[in-house]
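User: Could you take a close look at one part of this model for me, the place where the two chains meet? I'd like a connected read of it, and then whatever else helps to put it in context.

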There are 2 protein chains.
Amino acid sequence: MAGVQESLPSRYFKSKGHHGRKAENEPPFTEKYFSQIVDHFNFNSMGNGTFNQRYLITEKYWDRKNGPIFFYTGNEGDIWDFALNSGFITELAEQQRALVIFAEHRYYGKSLPFGQESFNIPQVGLLTVEQALADFALLISQLKQELGASNCPVIVFGGSYGGMLSAYMRQRYPNLVAGALAASAPVLSTAGMGDPRQFFRDVTSDFEGYAPECSAAVRGAFQRVQDLAEHQAYDRLQSAFALCKKPSSPGDVRQLKGFLRNAFTLLAMLDYPYSTHFWGDMPAHPVKQTCFDLYSLYVECADPTGCGLGSNSLAWDYQACTEIELCYESNNVTDMFPAMTFTPAERLAYCSKRWGVTPRPGWLQTQYWGDALSTASNIIYSNGDLDPWANGGVRTSLSPSVVAINITDGAHHLDLRGSNDADPASVISARKTEANLIAQWVAMERLRLK
Amino acid sequence: MAGVQESLPSRYFKSKGHHGRKAENEPPFTEKYFSQIVDHFNFNSMGNGTFNQRYLITEKYWDRKNGPIFFYTGNEGDIWDFALNSGFITELAEQQRALVIFAEHRYYGKSLPFGQESFNIPQVGLLTVEQALADFALLISQLKQELGASNCPVIVFGGSYGGMLSAYMRQRYPNLVAGALAASAPVLSTAGMGDPRQFFRDVTSDFEGYAPECSAAVRGAFQRVQDLAEHQAYDRLQSAFALCKKPSSPGDVRQLKGFLRNAFTLLAMLDYPYSTHFWGDMPAHPVKQTCFDLYSLYVECADPTGCGLGSNSLAWDYQACTEIELCYESNNVTDMFPAMTFTPAERLAYCSKRWGVTPRPGWLQTQYWGDALSTASNIIYSNGDLDPWANGGVRTSLSPSVVAINITDGAHHLDLRGSNDADPASVISARKTEANLIAQWVAMERLRLK
């Protein structure tokens, strides 16, 4: 089943669920549900009702009188995964005496507007960015009311797609949100404003950065896969990668190569200086590790039959078919991967068949301010130089209050993780700058709300 | 048919269509249609297609190289009505060499997403502010492309609800819109942030301002209507007001009183210093005129059977049942009208029965920045002191670039009308300030777009 999945590195591996994972530490969250409007933009639709949106909350650090609210804008996964891997937010909450909320994104985790039928057509149609933002807006305003916190400044946080959402929240709802930390948010590339070759080129750079032999080894390995495929040695491929089902067509092989490409992508994204359990179990410095031990990792899900397609992956597949533009390509020239395109035409063909939708190129650019991000205020765009998503985001400050922070030795939203002895100086310094800016925003907002 | 209509002064009188009307002057517009997305926020809805959105355009004044685009965000009516009564925009276009576009609002005029079925349930559900704004955003970005005008600054204009939309456009789409002139835009009261008594109190002030005897006469007249009703002298009421159908119940009488109250409201809104043909044929200084000649005007539609309910009124009725909050009341104490409430509970009961919807109090406030309007930039809120809508809007400047302009002798968006020998000095001065600010915004945007 070839398709748009090939281009979505961040959702490639089956989630184990948070119970199988170790948290950085165990924050004292309570799990709650909010009665959310299903369709904010049509008062007479099939979504003319409510669903239960999950959120996690802790008042443990909160100074009700003087402390702010820290609100994580959940992204494409189970909200516990983000809560358990964003220790910076709780650490900062302790310093700045904040209430902390992690809100789950509609259609992910347990926040399914139509339960088991959420991914049917047409029910899946209410999975859009604007609906998700309106969810967060309603949740924030109603929780503030319930908690008697109407004068309490709100800061939003998010990583990756969640970082995009946090920046959008500040743009869309400055009445509710005093500022946003958008960590590793590829706001430009996902809006179609970038070079389709950038992504896999930057993955390759990470491997070359450790040792040129490393990327050469990867090229060689892909060539062997290709050779086996050309000789239709499908048995060998199945045993080499422990596939549940034997590949049987060029499409299956393409899918396998896509999975492998994404395994390397994940290594680059998650190239943290210590072992993590966010997406799968990852050793410290996984890129370096892999260079010495090619192939032993990540076979669990390198499966052309699509073992990675849990409901979270379905939801992300749909988003990539509608609003989020991920037409990244590898070409074996500017990167170490086999040439694999994913053109707008291929996207349209897949999405129309799979979901009955027509993608809207340019839509995110129109909706969320495209090249006019400087007209916003109080947004931090942080990025790690090791992260292949970084150059799809904002890398230079756009104004005194729309600030880029670049973390030399950082991978994908390393700054959102809790502090660790292995942290490089660059992330320690980034977190300090972020903490200071956030404290300033909170103070300014307090004046406005008085 | 009592209901929410009673509270909607601006849509009370049946439109005659633009062909029956005299324009201030005849601007050289070409009528065109744009293939618009029916549902921007659901990729799999019944609105999974396009409809023809009407717009008017003239390049007559445009300097393609140096001139901006002036874009009117159409409101609750036939777009020609606004084009023919907003001469300021074309006059300014001539001065500043602008392309002019007037875009019709979905579900009004000829821009019916589902044709004759647009007001059926559930088809009517796609009539929301956010959908309308997204229409304008797509129209602007695609027309700019088609016209090879991607570096051309866009200024939006609107009056009344259209003024609200123009302010929202600048808030929502600063990437597409460099600034907004929001004339007579009751952004606060329609978002539920005001005093329900303000509106009819201010209508009353206008009449009292001419002569205290005048409001006393109105009170007396309403008392006579009440007396006739109490004696069930329905024949007399029918002949006095030339009703097509004899009233036969207290509900009919209430509806009649509502119509009459709104006739006075319209007089106050349209209290221009010269004769106009915007909503009905109106003499110069209609409030003053009416004080001398009570009852002879506006009988045409003072009809409890609802002759005013053309499709534009239906659409507005729906909007007042969903997002726009118009729970204004008269009480015969702070105003000259019979006590007539329209509470949130009455609204809910009517709207649920009529349209199958639940109104969302506070929704506009959440969506369009509530008390944080100062965080926007490049918006003019202009208001006329004679206009009962004025005090539901922004009356003091919120920042150097969110500017209030108050027009002492102005009625409802007088500043948008073309210049006239009878113009008071206050509107002449307001238009100059507006022109200067707009020229500054255009210059700034040109720098950004380069």
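Analyst: Let's settle one term before anything else: contact here means heavy atoms within 4.5 Å. Keep in mind, too, that this is a predicted model.

With that cut-off, 100% of the interface residues of chain B are also interface residues in chain A, so the copies meet through the same surface. Each side is easy to count: chain B puts 45 residues into the contact, and chain A puts in 45 residues. Between them the two chains bury about 3500 Å², with 55% of that on carbon and sulfur atoms. On the chain B side, the residues that lose the most area to chain A are B:Phe41, B:Phe43 and B:Asn44, which together make up 22% of what that side buries.

How are the copies arranged? Two copies of a chain are related by a rotation about an axis and a shift along it. Here, a turn of 180 degrees with a shift of 0.0 Å along the axis lays chain B on chain A, and the RMSD is 0.0 Å. The two copies are thus related as by a two-fold rotation axis.

Now for the charges. Side chains of opposite charge can pair when their charged atoms come close. Across the interface of chain B and chain A there are 4 salt bridges. B:Arg448 makes a salt bridge with A:Asp371, and their closest N and O atoms are 3.7 Å apart. As for where B:Arg448 sits, helix α13 of chain B spans 425-449.

Step back to the whole structure and the search gives 30 salt bridges over all chains. Inside chain A, for instance, A:Arg54 pairs with A:Asp78 at 3.3 Å, N to O. A:Arg54 is in strand β2 (residues 50-58) of chain A, while A:Asp78 is in the loop between β3 (69-73) and α1 (79-83), so the pair ties together parts that are 24 residues apart in sequence.

For context within a chain, have a look at a helix pair. Two packed helices are described by the angle between their axes and the distance between the axes. In chain B, the axes of α5 (residues 198-210) and α8 (residues 250-269) come within 9 Å and cross at roughly 65 degrees, and the crossing is left-handed. From α5(B) the contact draws on B:Phe199, B:Phe200, B:Val203, B:Asp206 and B:Phe207, and from α8(B) on B:Arg261, B:Phe264, B:Thr265, B:Leu267 and B:Ala268. Sorted by class, that is 7 nonpolar, 1 polar and 2 charged residues. Over in chain A, helices α5 and α8 pack at an angle of about 65 degrees with their axes 9 Å apart, and that crossing is left-handed.

A few backbone details are worth clicking on as well. The peptide bond from B:Ile121 to B:Pro122 is cis, with omega near 10 degrees, and B:Pro122 lies in the loop between β4 (99-103) and α3 (129-146) of chain B. In chain A, the bond from A:Ile121 to A:Pro122 is cis with omega near 10 degrees. Then there's B:Ala242, with a positive phi near 50 degrees despite being a residue other than glycine; you'll find B:Ala242 in the loop between α7 (234-240) and α8 of chain B. B:His413 also isn't a glycine, and its phi is positive at about 35 degrees. That residue, B:His413, is in the loop between β8 (402-407) and α13 of chain B.

Definitions and conventions:
Residues numbered from 1 in each chain as written. Chains lettered and ligands numbered in written order. Predicted model: local features only at pLDDT ≥ 70, side-chain atom pairs only at ≥ 80, totals over all residues. Heavy atoms only, no water. Axes fitted to C-alpha atoms, helices over the stretch in contact; angles between N-to-C directions. Helix = DSSP H or I, 4+ residues; strand = E, 2+ residues; numbered from the N terminus. Left-handed = near helix turned anticlockwise from the far one by under 90°. Nonpolar A, V, L, I, M, F, W, Y, C, P; charged D, E, K, R; others polar. Least-squares fit on C-alpha atoms with pLDDT ≥ 70 in both. Buried area = accessible area lost by both parts, 1.4 Å probe. Salt bridge = Lys/Arg side-chain N within 4 Å of Asp/Glu carboxyl O.
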